[in-house]
Amino acid sequence: MSTDNPGNTDLLSEAEIADLLAAHQQWRRDGEVLRRSYEFRDFAVAFAFIARVALLAERLFHHPEWSNVYNRVELAVTSHDVGGISARDRDFIERVDAFS
């Protein structure tokens, strides 16, 4: 399977992280991890969202940590391989927010 941009691992500066969080205000920083909670109408809608995120994550070769309880989904992203928040995380967040 091809990826859109698997090598986009440049670490973001503190200013770039601040700009990202200002543009995507439902995300929050937890150390070197970016997190967001989602709440949907019911489990079926939450599961459909998870499926879309899974396909995106596979395409980007950047897989989030997540949990799901009924209509709630929690996402967490970081670039473990470079030890922080990278441009790959920004790309992931921007794409997820575009369809959430």
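What follows is a chat about the strands, helices and two residues of a predicted model.

Biologist: What kind of model is this, and how are residues numbered?
Modeller: The model is predicted, so to speak of local features pLDDT has to be at least 70, side-chain atom pairs count only at pLDDT 80 or more, and totals for chains, interfaces and linings use all residues. Residues are numbered from 1 along each chain as its sequence is written, and side-chain values use heavy atoms, with hydrogens and water left out.

Biologist: In what order do the strands of the sheet come?
Modeller: The order is S1-S2-S4-S3, four strands in an open sheet with antiparallel pairing. Helices (H or I, at least four residues) and strands (E, at least two) are DSSP runs, numbered from the N terminus. Two strands pair if DSSP finds at least two bridges between them.

Biologist: Which ones are the edge strands?
Modeller: S1 and S3 (65-69), each of which pairs on one side only. The twist averages 25° from one strand to the next; angles run from 0 to 180 degrees between N-to-C directions, and axes are lines fitted to C-alpha atoms, for helices over the stretch in contact.

Biologist: How many bridges hold S1 and S2?
Modeller: Three, in the antiparallel sense, between S1 (residues 28-30) and S2 (residues 33-39). Arg28 stands opposite Arg35 in S2. The two strands form a hairpin with two residues between them, and Gly31 in the turn has a positive phi of about 70°.

Biologist: And how many join S2 to S4?
Modeller: Six bridges join S2 to S4 (residues 72-77), again antiparallel, with Glu39 opposite Arg72 in S4. S3 and S4 are joined by five bridges and run antiparallel, and there Glu65 stands opposite Ala76 in S4.

Biologist: Which strands does H1 touch?
Modeller: H1 (residues 14-23) packs on the sheet and touches S1 and S2, its direction making about 135° with that of S1. Contact means heavy atoms within 4.5 Å. H3 lies across S2 and S4, running at about 155° to S4.

Biologist: Switching to the helices, at what angle do H2 and H3 pack?
Modeller: H2 (residues 43-60) and H3 (residues 87-99) pack at about 150°, with their axes 11 Å apart. That makes H2 roughly antiparallel to H3; angles under 35 degrees count as roughly parallel, over 145 as roughly antiparallel, 65 to 115 as roughly perpendicular and the rest as oblique.

Biologist: Which residues meet there?
Modeller: From H2, Phe49, Arg52, Val53, Leu56, Ala57 and Leu60; from H3, Phe92, Arg95, Val96 and Phe99. By class, the contact has eight nonpolar, no polar and two charged residues. Ala, Val, Leu, Ile, Met, Phe, Trp, Tyr, Cys and Pro count as nonpolar, Asp, Glu, Lys and Arg as charged, and the others, Gly among them, as polar.

Biologist: Now Arg36: buried or exposed?
Modeller: Arg36 counts as buried because its relative accessibility is 9%. Buried means under 20% relative accessible area, exposed over 50%, and partly exposed in between (1.4 Å probe, protein chains only). Arg36 lies in S2. Not counting residues up to four places away in sequence, Arg36 touches Gln26, Trp27, Arg28, Val73, Glu74, Leu75, Asp97 and Ser100.

Biologist: Where does Val82 lie?
Modeller: In the loop between S4 and H3. Val82 is partly exposed, with a relative accessible area of 30%.

Biologist: What does Val82 touch?
Modeller: Thr9 and Leu11, not counting residues up to four places away in sequence. The C-alpha atoms of Val82 and Glu16, 66 residues apart along the chain, are separated by 16 Å.
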